[in-house]
Amino acid sequence: MSEFIAGPSEQGLYRLAAGTLLVAFQGTTAPEWVLRELDNGLGGVTLFGFNVADPGQLSALTARLRAAGEPVISLDEEGGDVTRLAYHVGSPYPGNAALGAVDDVELTRSVYRSIGDDLARCGINLDMAPDADVNTADDNPVIGTRSFGSDAALVARHTVAAVQGLQSAGVAACVKHFPGHGATRQDSHLEIPLVDASMELLRERELVPFRAAIEAGTMSVMTAHVRVPALTGDLPATLSPAALTTLLRGELGYDGVVISDALDMRAITDAYGLAGGAVLSLAAGTDLLCLGPVPSEDDVRAIIAGIVAAVRDGSLPLSRLEEAAEHVSRLRAWFGEPRQVANGENVIGLTAARRAVSLTGSAAPLVNPLVVEIDTPPTIAVGDVPWGFAPWLSRAEIVRVKPETADVPGLLEGAVGRSLVIVVKDAHRYESSQTVVSALLAARPDATVVEMGLPIWRPEAAAYLATYGAARANAQAAAELLGV
């Protein structure tokens, strides 16, 4: 007798397969197909900025989702550049780079507790944060200010504080991106990044924060679509039994929920397809499969059908689905434990941003300032979140320019007799931005430069401010330091 015939009914198998998916959808209300699939056992949803209008709307949305089942309701709320709650205005919290620069674990714990309270009040029960990557590649296109820093011990202690802060509010943490995305120079949204590190180096660097987070009781861990030849061979870690079962479950002893990074990234779909990637990831040890906003209702049904077919043909053991369901069931039980959620506005985000911002040189009082913001293309992980000084420098003229087409002589003419403030974001990654800044400073060495990304490229200027992030709180803290 086959395992399928001896196992659950067809409906039961469908529910097991559906229970591994976290789906996404467009709009600020739940589509009928999502509600129907939740009733049929769907694992839950992942929300994005386009799903969020305001706290009241989000609370209504999550209440409707919960009425249809027991969903995991997740989103990426890292603070800093990656925000879903404040996608349309910018986060009131600085991100990990700013918190790492301050290096006060109690501050990090407080910031993440406040983020957790915000999420809990809106009905979110799992935050795909914190980012535990050790950012050792300066030109990393996808991590950068999302990381606490480049030192493994520093990243580990702040990862633990973040986990504790979130989970004290009743929101499950999801430490990412295992086994480490900080040494890459490619974006997994577009291709499979390479981490060229030995197992010894992985244990000394990338794995240190994950080991600490596991010991601190993180409820979930997210996989990375990175290839680590010494560990995964030619496979991305999301599809690698060596990474997820042998290393994460075995060597590191993790027994919580393993969540994949979004399976619709090209690092997976180009080579394996959605359904194929889903089956391989489950077989490798994943419990919940995160889907981004691209897969449709038909895609979701095809993925479920692919998982069911893999169980029927024996390529995916039924016991692996049952194990995944048990892990998620324990997570849901944890959601139900009673906790107290704080009420009211918390100003810890601005406090943290003020402590993070640094000034090199001397910033003279601004006189009729011209602020030149050099545009930086948004990353896929961050999205098109507003950044810059517009909300805080009401006395200034603010001009946003693209570095490739910036009219430097015109900008200098407009700045005659005025204070000049030049704002960049991750200028070290964009030679065109550096060219514009250098040209402006050659004529105006008295200008102030504000770096709202990682302060790696530091041009000579009268004053240089580093905010370690481009969140709304970072901009406000920098504006205060400029005396505006």
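Reader: How much area does the protein expose, and what share of it do carbon and sulfur atoms supply?

Author: Welcome! In this predicted model, the exposed area of the protein is about 17,800 Å², and carbon and sulfur atoms supply 52% of it.

Reader: What makes the protein as compact as a globular protein of that length?

Author: Start with the parts: the protein has 19 helices and 14 strands. Its radius of gyration is 23 Å, and the globule rule gives 23 Å for 484 residues, so the protein is as compact as a globular protein of that length. As for its extent, the C-alpha atoms fill a box of roughly 85 × 45 × 40 Å along the principal axes.

Reader: What percentage of the residues is called buried, and why?

Author: The figure is 59% of the 484 residues. They are called buried because each has under 20% relative accessible area.

Reader: Why is the set around Val23 and Leu47 called a nonpolar core?

Author: A set earns that name because its members are buried residues of the listed kinds, such as Val, Leu, Ile and Phe, joined through side-chain atoms within 4.5 Å. The largest such core has 114 residues, and Val23, Leu47, Leu65, Phe178, Ile307 and Ile422 touch the most other members. Helix α14 (residues 297–312) gives this core its largest share, 7 residues.

Reader: Which residues is Ile422 in contact with, leaving aside neighbours within four places in sequence?

Author: Among them are Val372, Ile374, Val437, Leu440 and Val450. There is also a second, separate core of 20 residues, including Ala353 and Val421.

Note on methods
Residues are numbered from 1 along each chain as its sequence is written. This is a predicted model: local features need pLDDT of at least 70, side-chain atom pairs count only at pLDDT 80 or more; totals for chains, interfaces and linings use all residues. Side-chain values use heavy atoms; hydrogens and water are left out. Buried means under 20% relative accessible area, exposed over 50%, partly exposed in between (1.4 Å probe, protein chains only). Helices (H or I, at least four residues) and strands (E, at least two) are DSSP runs, numbered from the N terminus. Contact means heavy atoms within 4.5 Å. The radius of gyration is taken over C-alpha atoms; the globule rule is 2.2 Å times the number of residues to the power 0.38. Accessible areas come from the Shrake-Rupley method with a 1.4 Å probe; for residues, only the protein chains shown count as cover.
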